[in-house]
Structure formats: C-alpha cells, structure tokens
Amino acid sequence: VTVHLVGAGPGDPDLLTLRAARLLASADVVVHDRLAAGVLSMVSPWAELIDVGKRHGDSHTQESINALLVELGRRHECVVRLKGGDPYVFGRGGEEAMALTEAGIGWEVVPGVSAAISAPAAAGVPVTHRLLADSFTVVTGHRAAEASTDWAALAQAGGTLVVVMGVAQRAEIAAALMAAGLDGDTPVAAVCDGCTPRQRTVRTTLAELGAAPVDAPATIVIGAVAALDLHGDIALAARSGRHASAMMDG
Ligand SMILES: C[S@@+](CC[C@H](N)C(=O)[O-])C[C@H]1O[C@@H](n2cnc3c(N)ncnc32)[C@H](O)[C@@H]1O
C-alpha cells in the first residue's frame, strides 16, 4: 500500500484515529484539503505538504487531484491523502480510490469521524434517541437546486435528517420539506464549525431556518432530536423522560 486515503475527522486533532495519527507522523507527502491547523500540525516536519483544498476559481479539479495521487503513488513509499471527516462521506474518496486502482497503485482507506454525526454530538444533539428518532439520513443540500434529491421522500421517512453542504440552499430545503408535510415547528439545530474552538449552534425551527444566521461549514440537524441539548438544561428533562415524552405527544 502506498496511498492512504485518511479521514481527518471534523477538525479537533483529538478526534483523529490512532492509525491516522501514525500515518501523519510517517508520511513522505500529505495531500490535504482545507483543514484545521491543529490536524496539520500532526504531520511530520519532514513531510511535503500539498494543499489541494478547492476554492472558487482555483485549478484543483478532482481529475487533477486524482492524477497527482497516481503520480505521487509512483514516486513515494507513503502518501497520505487527508480529507475532512470520513473520506467516503461526501468526500469523493471513492473516486480517488477508483483512479488509484485503475493506475495499479496500492491504496487503503482509513475511516474518519464524520462531521455528520460528530458536529451534532459536540452540540449536545444525538442523531438517534430511543424515544425520538430510530433512524437518521445524511443528505447533501448542495444539489437542492438541481431537484435531484427527493425531499418529499425524506420528509416522509421520519427519523432525523442531517444535511451537509446545505447552508446556501437552506431556505429552499426547508420549503421543500414543509411542502411535503413536515411541520414548520420541527426543531432544527445548525452546528457551525463543530468540534473546533469556533463552534456555534443555531437553534431554530424549519419555518425559520431560511432566515437563521448560519455560516458554512455547518451540519444542519432537522427533527425532534434537534431540540435536545444534552450539555444543557434539556438533558436533565430528557433524562427524567418528561421532555422527551412531551415532544413525542406533541
Ligand atoms: C464536502 S462535505 C465533507 C464531509 C466529510 N467527508 C465528513 O465526513 O464530515 C463538507 C461538509 O461537511 C460538513 N462539515 C464539515 N466539517 C464540519 C464541521 N467542523 N462542523 C460542521 N459541519 C461540518 C459541512 O456541511 C460541510 O459543508
């Protein structure tokens, strides 16, 4: 194995896996997205760092990143491709794996802690709860304008809806979910910069989501669990069962 597709977790270096930390300490070269400085500080000082974080108007297309990984995989013993969260959760890690296989380069995936579950957790929101939600669905909001996501089906599915990359389209997403029958009073928690020192949680409702001050990167949790704050007062009420059953009834 020469190329390691490594999940960097949501931003706190303490949430790297041990395997990720070991690889960062021994890599010859690390190809990374826009990631928290704390995570990058785990890279050995001797390693070459290549920033391919996609910004507006820059030249790092997915194809050029795939080609770079193949080239580096031919030249080095240990290449780390470091991606936020988990490499296969909206991370395009699958495309990079396919390009490496096609080129005959040995690779492995090192799963990471996805922001889809860890940002809510850090804000005191469990994505499932025995009394409130027995499933969760993770969906990208970034294709909301293309009408390629069946928001009506997601509204009917019940359980918790976790929207990533949904900040810009949040008003359209909320409107589509309400048009499909979700109550405007449905609780929403938008966790911005989760698991970093800048973490901020916006508590709102589906009807108010479009106007709520949410900044990217944010993970938007929609559903009964979004009313919980397990680090705050609501935790005590939920533990005694009062709050949770009130929400189930209401
Ligand atoms: C391209 S996706 C990559 C997801 C990543 N592979 C993962 O598993 O967490 C980027 C989106 O993840 C979410 N995200 C990433 N880091 C986050 C964080 N620290 N706090 C909240 N949401 C985050 C945001 O919705 C952001 O737009």
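G104 sits just after helix α4 and takes a positive phi of about 75°. That is a handy way into this predicted model, since α4 itself repays a closer look.

Helix α4 covers residues 93-102, and its buried residues are G93, E96, A97, A99 and L100. Looking down the helix axis, you find these buried residues within an arc of 165°, so they line one face of α4. The general background is simple: an α-helix has 3.6 residues a turn, so residues three or four places apart point the same way. On the other side of α4, M98 and E102 are exposed. What do the buried residues of α4 pack against? Their partners are two strands from earlier in the listing, β1 (3-7) and β4 (79-83), together with helix α3 (62-75) and strand β5 (107-110).

On the way into α4 there is another backbone detail. R92 belongs to the loop between β4 and α4, and its phi is near 60°, a positive value in a residue other than glycine. Is R92 buried, partly exposed or exposed? With a relative accessible area of 39%, R92 counts as partly exposed, because buried means under 20% and exposed means over 50%.

D193 shows a similar kind of backbone feature: its phi is near 50°, again positive in a residue other than glycine. You'll find D193 in the loop between β8 (187-192) and β9. Then there is the peptide bond between A216 and P217, which is cis, with omega about -5°. P217 is placed in the loop between β9 (200-205) and β10.

Now for the ligand. It is surrounded by 17 residues, and the closest are V89, S114, A115, G194 and A218. By class, this shell is made up of 10 nonpolar, five polar and two charged residues. Three residues place a backbone N or O atom at a short listed distance from a ligand oxygen atom:

| Residue | Protein atom | Distance to a ligand oxygen atom |
|---|---|---|
| A115 | backbone N or O | 2.8 Å |
| M165 | backbone N or O | 2.9 Å |
| A218 | backbone N or O | 2.6 Å |

How much of the ligand does the protein bury? Taken alone, the ligand exposes 580 Å², and 82% of that is buried by the protein. Two elements give two or more residues to the shell: helix α5 (115-122) and strand β10 (218-222).

Away from the ligand story, H32 is worth a stop. It lies in strand β2 (residues 29-32) and is buried, with a relative accessible area of 7%. Leaving aside residues up to four places away in sequence, H32 touches L40, L49, I50, D51, V52, G53, R81 and L82.

Finally, the protein as a whole. There are nine helices and 10 strands. Of its 250 residues, 47% count as buried. Among contacts with a separation of 6 or more, 65% come from residues 24 or more positions apart. The accessible surface comes to about 12,200 Å², and carbon and sulfur atoms account for 55% of it.

Notes:
Residues numbered from 1 in each chain as written. Predicted model: local features only at pLDDT ≥ 70, side-chain atom pairs only at ≥ 80, totals over all residues. Heavy atoms only, no water. Near = heavy atom within 4 Å. Polar contact = N/O pair within 3.5 Å; in protein donor to acceptor, adjacent residues only side chain to side chain. Areas by Shrake-Rupley, 256 points an atom, 1.4 Å probe, with all protein chains shown as cover. Helix = DSSP H or I, 4+ residues; strand = E, 2+ residues; numbered from the N terminus. Nonpolar A, V, L, I, M, F, W, Y, C, P; charged D, E, K, R; others polar. Buried < 20%, exposed > 50% of the residue type's maximum accessible area, 1.4 Å probe, protein only. Contact = heavy atoms within 4.5 Å. Arc of directions from axis to C-beta.
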